[in-house]
Amino acid sequence: MAKSARPPASKSPSVKSNLGRGGETHQTAPHADARLTTNQGTVISDNQNSLKVGDRGPTLLEDFILREKITHFDHERIPERIVHARGSGAHGVFQVYKSQAHLTKAGFLQDPKLKTRVFVRFSTVAGGVGSVDTARDVRGFAVKFYTQEGNFDLVGNNIPVFFIQDAMKFPDLVHSVKMEPDRGFPQAASAHDTFWDFVSLMPESMHMLMWAMSDRGIPRSYRMMEGFGVHTFRLIDAKGKARFVKFHWRPVLGAFSLIWDEAVKIAGADNDFHRRDLWEAIDTGNFPEYELGLQVFDEAFAEKFDFDVLDPTKLIPEELVPVEIIGKMTLNRNPDNFFAETEQVAFHPGHIVPGIDFSNDPLLQGRLFSYLDTQLIRLGGPNFHQIPINQPVCPFRNLQRDGHMQTMVPKGQVNYEPNTINPDAPRESPDGFASHKQPFPTGQTERVRARSESFGDHYSQARQFWVSNTPPERDHIAGAFAFELGKVSRPAIRSRMLAHLSIIHRDLAAKVSAALGMPIDPSLVTAFQKPKDLKPSPALSIIGKAPETLQGRKIGVLVTAGSDAAWLEGVRKAAKKEGAVINVVAPKVSGIKGSDGSEIAVDHALYAGPSVLFDAVIMAPSAAGAKVLMGEAAAVDWLRDAFGHLKVIGYNTAAEPLVEKAGLAEDEGVVALSGASGLKSFIAAAKKHRIWAREKTLRSPED
């Protein structure tokens, strides 16, 4: 009979090991407090072997330790979110700058000294939990405020409008953008037939498509991404007066985006790019900050708009209603456990506090049902609010009982209200939440399934978005449409979309038509309402309002053995002064010796640290190292990619042959670092983020 294989004893110096009777490895914990137990507290003596009849016999059903362990493992994955499945979270605090009592009675917006805890979850919409961070997609921007009056969830996106006007169409939208059901692909991508078939039949989607095909669809970082509440809400003051409000989040670092080729390459180099960026920023004390802004207006003012504020496919230009900044949110702590917090956090637009209320936006109204319903299946039942990440910080008490995953132990005979048996049982209070009294629209008393004609202008704001963007951004929008529609196999769908684009703007349609090599047939689509030529809104452009800064940026410095360590330290200090960090890239990750013999710590090996991971790059090899890099395709590609992605490139004298071999044309973003002013010139150029003038020499949507 064959002998049982025996595992080797542990080599760990901090753990004693011995081979047990059956060849198993027992590890004796150094402290009694660290003894392994079951979930019921029973200390486990053997965590290596199941209970069997002899060492080669069948496993016994009575092995409760094995069954508990395996059962828990089998259920470690809860159903993923239908949308927003891939997310990243962080803890933080919010403080209002000054009291907003003139607008709302919400307690967390009254006292500038009050720090309100928050948990934020950023996410992509279309992809599953295992998809990449840099896909072209809408990003979720959800904030849970743990206020003294209960939890308030501001559940929004990084785009201020949405694809549809009524929640009835939400399942259809999501079904169309998800993997096609017969083939199970593409993952995390809208570039396929079903999505474009659906939206080409939904003119109300045109405005959102312009945003999604813009640079907003591929943000540089969650730290550099705007957020919006999307819907029109209400603020209620202490006297009961109501005003409409739109919520905005503004990143203190400014909003920045990737370019498409860069996003694609990052997905291959680091599919956790955004998640890692957020974690590392908080971990190193570079806390992301966002300011909360409000657009506040009353119903009389809203009546003057040439669009309906209840239409979620419309925004209110800041030129009509300026955004007033009222407070700041700082994300200062990473989750302790991804599953317990980021995965189990449950957001719901219906979680509001006194002083905030809803509007009749038909998409919002549907979300008020949908979010609660989905938590019941995802988190096991009606007691998901008892999970620590979802619990309010204020007392909560009611007469709800039992249910799946009930973890509390409610006491007493009474579980109903009103009652006379327990005078201490919770009861309703006149100072509690009361919905704002909204009269029904004049003359509308019938129950109907209809869409208001005030929702009928599907193209004016889409056109406004186009004319409000800079020329590079317009090229990116046209290029994105060309790429996405180029992936559509059915010519009829492409033709229908070209007809929509011709209504939005003839220049946009012409660019996409030329890229696809297809004619435009305007007769395929008729606008319900003729679009208007609205004035440009500069606030809609990312590039146009981008601050010149290196704050929060990452600079990649490629060095070799013999590089000048003192000079490298000077670069590090200069970057830190600007709020940036440097990552050292070298042929090998094990570290190298500088020109003075000192050890230079390396963050990335060359093959694992492509230039797509950085906002700007510096090539600083030694003369001997440069000769070696001349034979390395990865080094040449490191420069070519940075140049192609419009980044600022600094290089020392030794790197000149590499710059020449990479074929980099001279421009303001290719900076020689020799001389006293070299590094200053590099920093000044890098603050511009990208050299947009270079792009026209490299690519166009018609290529």
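This is a short chat about reading strands and surface in a predicted model.

Q: Before we start, what kind of model is this, and what counts in it?
A: It's a predicted model: local features need pLDDT of at least 70, side-chain atom pairs count only at pLDDT 80 or more, and totals for chains, interfaces and linings use all residues. Residues are numbered from 1 along each chain as its sequence is written, and side-chain values use heavy atoms, with hydrogens and water left out.

Q: How many residues of strand β9 are buried?
A: Strands here are DSSP runs of E with at least two residues, numbered from the N terminus. Buried means under 20% relative accessible area, exposed over 50%, and partly exposed in between (1.4 Å probe, protein chains only). In β9 (residues 242-251), 9 of the 10 residues are buried, and the strand is mostly covered.

Q: Which way do β9 and β10 run when they pair?
A: Two strands pair if DSSP finds at least two bridges between them. β9 and β10 (residues 289-297) are antiparallel, with 8 bridges. Look for W249, which sits opposite L292 in β10.

Q: And how is β8 joined to β9?
A: Also antiparallel: β8 (residues 233-236) has 4 bridges to β9, with R234 opposite F244. The two make a hairpin with 5 residues between them, and G240 in the turn has a positive phi of about 90 degrees.

Q: What about β7 and β9?
A: β7 (residues 227-228) pairs with β9 in the antiparallel sense over 2 bridges. There, F228 has H248 as its bridge partner.
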